[in-house]
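User: I am new to this structure and would like to learn how to read its features one at a time. Please guide me through them.

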Amino acid sequence: GRDLICIQSMDGMLMLFEQESYAFGRFLPGFLLPGPLTYSSRTDSFITVSSCRQVESYKYQVLAFATDADERQETEQQKLSSGKRVAVDWVLNIGEQALDICVVSFNQAVSSVFVLGERNLFCLKDNGQIRFMKKLDYSPSCFIPYCSVKEGTINTLVGNHSKMLNVYQDVTLKWATQLPHIPVSVKVANLQDLKGVIVTLSDNGHLQCSYLGTDPSLFQAPRVESREINYEEFDAEMKELQKIIKEATKTQDILPKSEKQRDLIVTAEVSPSLDVESQAIDSEVKAEAVPSVTVKITIESRVTAQKPNLAVCVQAPLALTCDQFVFDDLEPDSSETVVLSVFLKGNCSPSELEGNCVVSYNISTGIPKVAQCNFRLPLRLICFPAQPSKAANHKLTIDTNKPPVSFLTIFSDFVDPSEDDQANVLGFQFLTGSKTTLLASKTSQRYRIQSDQLEDLWLITKELTLRLEEHFKKQNCKDFACTFSGSIPLQEYFELIDRHFELRLSAEKFQELLSERAVQFRAIERRLLTRFKDKTPAPLQHLDTLLEGTFREVIALADAAEENQANIFQAFTKLKSATHLMIMLISLWQKLSTDQVAILEATFLPLEEDTPELGWEETVDAAISYLLRTCLSKSSKEQALTLSSQLCMPKDTSRLKKNITLFCDRLAKGGRLSLSTDSAAQQATVMPG
């Protein structure tokens, strides 16, 4: 009628208590780390698994009469009298660590000791002999043996780390079921009227009571009452339902309509001045100092926004200090603010000084939504004031319908107010080394932009037009307009196209050479391996020298291909800048509408990135060919021409350059851009010739 408690300590000591009083303590021999421990009432012994990976049984009687744990220093007399040592009753080597031990004794089954190892399930007799064992093809986490309905057998529930619960009858798998968590402990319980409930506990404290089987269907179909059918009522109800369905399909759209007040608003605020201490990291620019500018992004939510993610993007070679942000769920009328910096990372000027922020989130109903905004970066981020240069290879003249504005007013961040000579002439030095000069005419309404590189004209020209528009907008002048009356610099533009295309051809050549050398390298490796495996050694015949030489060639080719890829990126960035400039000049030259400029941009700038599978040249050529065949066609004969359905890299750029020249010629003769199908026929009648 007393409670006896045995406690195993971390240092291998078994402490036994009778009720609340300490009885005695014993150290287990050869102890290193504690293992699972259980008590067998049939044999009155403690069974554990030691660090030697063997099951050990100690009789209670032997433990009670052995030397006390406090007397660790054995005397010579105690060593000679072996009766006082802790002696093991029986040992079984299982060759693996054990997770749990359980002693079972049912009426119809033989008393057994179950040991759950890391890869096996053992069933032992009371004397340590193996009754049976089951090899497991998974990693178990817990187990419990329980009474079986079949006489002479024992059922076992084994949980594993794949969230599965397996039911075994001795060594035979009888059932397997999925759990919502990984069980760390499992028991079979009888709760009120429920018998055989499986109770599992997860590692985070989730307790679950479950049972095997399915819920019985308690639904009984009601008896059908025989009554007469009123067809007129059914007909009227059918018409009413059809009317409702028709109204719903008429008003409902596939996409939800834009709300007047958005659920979530994202705003980006660019600092008016550059960072005092630059945040640029790992920049390839060779300038003395690479500046950075701070962008503050604020997210304001009017509803509960679940799992909001913010992605910030700028055009390479510009880079961000951090471009991905993950927030906790936003409550209604709450906001989040993040601060990041933008700087020039690559050693070439970007084609655009714009970035955008995109926030993706779920509302409470689970519908995913997106909010976005754009921001404009300052010109000071990529260039700084410099001495103007008189001579230049490329010059552009932009005409306006208003008197010239002093640069002291519109480029206040680039000029020194004390120097009056900067009112009509201004120099810009890019971080990459090139220089651009901006001049304003004192007598006429013209501005000249000049530089040694065509692509460097783009950002300064764009900045000039934007700042002029902002200046006249502040003065409430609505009829301000820019025009271009010079010749489109096609030949200089074609040189940039040829340069980019040559690098693409080089990339293909490097790819072929690398493939050839790799095949050669593997062939030499196979020969050498055959020689080394041969039982009768044969001379290598300089195969090792050939292998080393081929390896060096492969490395050199890979380095050259990598360098060529970097050159392709720079060439494509320059080509995009020049393309932006061409689009701007054509739109100013022909006074194109916003829709026509959008078609022009879609035609000449279809790709954000250049890839080996799909390049800029073939994509633009296909787009221009389509426009020449539709809205810019001269006759129905041209409209009947079919375009190639497959885009592949051309042999040269002659066809593309010819199509671009023809495109500009058709625009000069009065052609207008349109994507509607019926406009081509109308255009053909208006076109001269």
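User: Which residues are buried in α6?

Analyst: One point first: this is a predicted model. A residue is called buried when its relative accessible area is under 20%. In α6, the buried residues are Leu490, Tyr493, Phe494, Leu496, Ile497, His500, Phe501, Leu503, Arg504, Ile524 and Leu528. The cover over these residues includes α7, α8 (594–604), α9 (616–629) and α11 (654–668).

User: What span does α6 reach from its first C-alpha to its last?

Analyst: A helix can be judged against the span expected at 1.5 Å a residue. Helix α6 has 44 residues and reaches 64 Å, close to the 64 Å expected.

User: How many helices and strands does the protein chain have, and how many of its contacts join distant parts of the sequence?

Analyst: The chain contains 12 helices and 32 strands. For contacts between residues at least 6 apart in sequence, 58% join residues at least 24 apart. Of its 689 residues, 39% count as buried. The accessible surface comes to about 41,100 Å², and carbon and sulfur atoms account for 51% of that area.

User: Which residues touch the most other members of the largest nonpolar core?

Analyst: In soluble globular proteins, nonpolar side chains tend to be buried together. Here the largest nonpolar core has 96 residues, and Leu310, Val342, Leu377, Tyr493 and Phe663 touch the most other members. Helix α7 (residues 543–590) gives the most to this core, with 10 residues. Tyr493 is also one of the buried residues of α6.

User: What does leucine 377 touch, beyond residues up to four places away in sequence?

Analyst: Leucine 377 touches Val293, Val295, Val314, Leu318, Val342 and Leu353. Apart from the largest core lies another, of 13 residues, among them Val104, Leu116, Leu136 and Tyr138.

User: I should like to turn to charged pairs. How many salt bridges does the structure hold, and what does the one between arginine 467 and aspartate 413 tie together?

Analyst: To read a salt bridge, one looks at the distance between its closest N and O atoms and then at where the two partners lie. The structure holds 19 salt bridges. In the pair of arginine 467 and aspartate 413, the closest N and O atoms are 2.9 Å apart. Arginine 467 belongs to helix α5 (residues 457–474) and aspartate 413 to the loop between α4 (407–410) and β29 (425–430), so the bridge ties together parts that are 54 residues apart in sequence.

User: Is arginine 467 buried or exposed?

Analyst: Arginine 467 has 12% relative accessibility; because this is under the 20% cut-off, the residue counts as buried. Its partner aspartate 413 is partly exposed, with a relative accessible area of 32%. Leaving aside neighbours within four places in sequence, arginine 467 is in contact with Leu379, Ile410, Phe411, Asp413 and Phe414.

User: Where do arginine 517 and glutamate 553 lie?

Analyst: Arginine 517 is in helix α6 (residues 490–533) and glutamate 553 is in helix α7, so their pairing ties together parts 36 residues apart in sequence. The N to O distance in this salt bridge is 2.3 Å. Both partners are partly exposed: arginine 517 has 22% relative accessibility, and glutamate 553 has 38%.

User: Where do arginine 552 and glutamate 548 lie?

Analyst: Both are in helix α7, four residues apart, about one turn of the helix. Their side chains meet in a salt bridge of 2.8 Å, N to O. Arginine 552 counts as exposed at 58% relative accessibility, whereas glutamate 548 is partly exposed at 41%. Elsewhere, salt bridges that share partners join Arg376, Asp413, Glu463, Arg467 and Glu470 into one network.

User: Which residues make the nonpolar surface patch of about 250 Å²?

Analyst: A surface patch is read by naming its members and then checking their exposure. Val184, Leu201 and Leu207 make this patch. Leucine 207 is found in strand β18 (residues 207–210) and counts as exposed, at 57% relative accessibility.

User: As a last example, which residues does lysine 174 touch, apart from those up to four places away in sequence?

Analyst: Lysine 174 touches Val167, Tyr168 and Gln169. Lysine 174 has its place in strand β15 (residues 172–178). The C-alpha atoms of lysine 174 and threonine 156 are separated by 9.9 Å, and the two residues are 18 apart along the chain.

Note on methods: Residues numbered from 1 in each chain as written. Predicted model: local features only at pLDDT ≥ 70, side-chain atom pairs only at ≥ 80, totals over all residues. Heavy atoms only, no water. Helix = DSSP H or I, 4+ residues; strand = E, 2+ residues; numbered from the N terminus. Buried < 20%, exposed > 50% of the residue type's maximum accessible area, 1.4 Å probe, protein only. Contact = heavy atoms within 4.5 Å. Areas by Shrake-Rupley, 256 points an atom, 1.4 Å probe, with all protein chains shown as cover. Core = buried A, V, L, I, M, F, W, Y, C linked by side-chain atoms within 4.5 Å. Salt bridge = Lys/Arg side-chain N within 4 Å of Asp/Glu carboxyl O. Patch = residues over 30% accessible without salt bridge, like charges linked within 9 Å, V, L, I, M, F, W, Y side chains within 5 Å. Expected span 1.5 Å × (residues − 1).
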